[in-house]
Each structure stands twice: as structure tokens, then as C-alpha cells.
Amino acid sequence: MNDETPAKPVRHLLGLSGGKDSSALAIYLRDRIPDMEYFFADTGAELPETLEYIDLLEDYLGKPIAKLNARRDFDYYLKLHNNYLPSPRQRWCTINLKLLPFENYVGDDDVISYIAIRADEPARAGYLSTKPNIKTCFPFKEDGLNKEDITHILEESGLGLPKYYSWRSRSGCYFCFFQRHEEWVGLQKNHPELYERAKEYEKSEDESGKIYTWNQAGTLDEIVSRAQLAPEKKKTMSRPKKLIDQLTDPDEDPDDACLICTL
Ligand code: SF4
């Protein structure tokens, strides 16, 4: 760059997942940062409720939300990983379907990326870009906003919560392996066709005849059957307990769960 070339302005970017926290952050910052750019990395496996909510949010914000797509779809990357379904320890889906599309969208531009981690959450570090031209900013943490504040922001805007919150605790792919057992039941009930599609992915077999499943506890049908037979367990859906604490895999650090997909 020669001396006469004006420096490119820093871009302000806010990634929306269709979850409550990033949506509330977009509303919170709408008038504070007028040149904010919004984006949504669409995995191609999003819930219809998520896509609907992103449209509503776009209307509310009065600006387009850039829809980012991965270079290839989930099935392509699944084959690339020898049909091993992603899991909390092998989160190739997050990297290929969420993180890389974001980094490609940014390119070499200097960017401030606004992240919706709340003040009442423990520190989370998982799956944020580490590119040197991408700086992260945590307005809710800096301004001390907690879960109640986020709910208030969404209610006051008139948007409320995305509809999937009546049966599922987070945004993300319909087949996301982070779902609790009761949420698979919710998928079967609310989107039977998506549930069947998720089941089809479990049919891949290697030479030993092993069936790959979304959850270590068994196939989806086994998980759903057990959850339906355990009414006491199902009642936990309505307990006033942090939903993120109710993940299916007790070995996974819940605070590291799919940060980029679900905020
Ligand atoms: S929502 Fe779940 S399945 Fe989808 S990309 Fe994120 S971690 Fe992977």
C-alpha cells in the first residue's frame, strides 16, 4: 500500500446464530454501532424456526443479514471424514460450516467481531477465530448484561424468543449431537421428517458392521424410546436450570459447547 492509499476502515461484524443471545446483541447494538454488518452462517441443516427468526430479525434491524454458505455441504465433509459423524470431540462441522465461511467472508480485512457471551456466563473460549485481523469484543460482558437483561431486550423488541425454544434449548443444525435426549424427542414430534433424515445418517457402517450414531447412548430411536419411557426425566425440561447444563454428554465441557453455532 502506498502513502496515498487510504486505509480500509475497520469492519464491525456480528454473527447471528438464530439463538437468543446473538439476536439480543444485534438489537442492543443496532443504534450504538450504525455501520454494523450482520451475517448468518447457514449450515444447510438449520431448523425452519431458525430461518424464520433470522428473517424477522432482518426486518427488525432494517439491514440485510448476509447469508454465508460453506464451500461444500455437510454430506461432502461427512464423506471426507470417512462417514464419522461429528461429535463433541470431532467438531469438524463447526469448523467447515461455521468458522471457515466466516473467515472467508472477512478475508484480510481488519474486523471487530462482536460476541454475545453474557456477563453471567463463565469464560468460554471454544471456536472463535484466532486470525490476527479479527479482534473480538464482548459487549454484554463489558456492560454487565445477564440472562434476564437478554430476555428483556428480546421481549421489548417484540421479537421474543425463537419458536424452537418451546422444545429445544439452542439453535444449530437439526441433527446437532449436542441435543439432550428430550430434544431428540422434540425433533421427532415437531419435525418428524427432519428426525427421519437425522436417523438416515446413522446407517453408515464400516467394514466391522458398526453403526455410527449421533449420541454415544445409542441410536436415535433407542434414545427417543428411553426418553419417552422416563416421564420423570422428561419433567426436567421445565426445571429452572441452565439448559446448557443439561447436555447429553457429561464428559463434554458445556461451556465449550458449539459457541459459534448457538449463541
Ligand atoms: S450446530 Fe452442531 S452439528 Fe451443526 S455445525 Fe454446530 S456443532 Fe455441528
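The questions and answers below explain how some terms are applied to a predicted model of a protein chain.

Q: How do you know which residue a number refers to, and what is needed before a local feature is described?
A: Residues are numbered from 1 along each chain as its sequence is written, and side-chain values use heavy atoms, with hydrogens and water left out. Because this is a predicted model, local features need pLDDT of at least 70 and side-chain atom pairs count only at pLDDT 80 or more, while totals for chains, interfaces and linings use all residues.

Q: What makes a stretch of the chain a helix or a strand, and how many of each are there?
A: Helices (H or I, at least four residues) and strands (E, at least two) are DSSP runs, numbered from the N terminus. The secondary structure of this chain comes to eleven helices and five strands.

Q: Why is Ser 157 called buried or exposed?
A: Buried means under 20% relative accessible area, exposed over 50%, and partly exposed in between, with a 1.4 Å probe and protein chains only. Ser 157, which lies in helix H6 (residues 147-157), has a relative accessible area of 16%, and therefore counts as buried.

Q: What makes the links from the side chain of Ser 157 to Leu 154 and Leu 159 polar contacts?
A: A polar contact is a pair of N or O atoms within 3.5 Å; within protein, one must be able to donate a hydrogen and the other to accept it, and residues adjacent in sequence count only if both atoms are side-chain atoms. The side chain of Ser 157 reaches the backbone oxygen of Leu 154 at 2.7 Å, and it reaches the backbone nitrogen of Leu 159 at 3.1 Å.

Q: Which residues does Ser 157 touch, not counting residues up to four places away in sequence?
A: Contact means heavy atoms within 4.5 Å, and with that sequence limit Ser 157 touches Ile 27 and Tyr 60.

Q: Why is Leu 159 called buried or exposed, and where is Leu 159 placed?
A: The place of Leu 159 is in the loop between H6 and H7, and with a relative accessible area of 17% this residue is therefore buried. Leaving aside neighbours within four places in sequence, Leu 159 is in contact with several residues, among them Ile 27, Tyr 53, Leu 56 and Tyr 60. Leu 57 is another of these contacts, and the C-alpha atoms of Leu 159 and Leu 57 are separated by 7.6 Å although the two residues are 102 residues apart along the chain.

Q: Why is Glu 52 called buried, partly exposed or exposed?
A: Glu 52 is found in helix H2, and its relative accessibility is 37%, so this residue counts as partly exposed. Glu 52 and Lys 163 are 111 residues apart in sequence and 9.1 Å apart in space, C-alpha to C-alpha.

Q: How do you know that S1 and S4 pair, and in which sense?
A: Two strands pair if DSSP finds at least two bridges between them. Strand S1 (residues 11-15) and strand S4 (residues 111-114) pair in the parallel sense over four bridges, and Leu 14 stands opposite Tyr 114 in S4. S4 also pairs with strand S5 (residues 134-137), in the parallel sense and over four bridges; here the bridge partner of Ile 112 is Lys 135, and Ser 113 stands opposite Thr 136.

Q: What makes S3 and S5 the edge strands of the sheet?
A: Five strands form an open sheet in the order S3-S2-S1-S4-S5, with parallel pairing. Strand S3 (65-69) and S5 are the edge strands, as each pairs on one side only.

Q: How do you know how many disulfides there are?
A: A disulfide is a covalent bond between the sulfur atoms of two cysteines. The rule used here asks for a pair of cysteine sulfur atoms within 2.5 Å, and by this rule the count comes to zero disulfides. As for cover, Cys 93 has a relative accessible area of 11% and so is buried, and Cys 176, with 8%, is therefore buried as well.

Q: What makes helix H7 mostly covered?
A: Seven of the ten residues of helix H7 (residues 181-190) are buried, including His 181, Trp 184 and Leu 187. Of the 263 residues of the whole chain, 51% count as buried.
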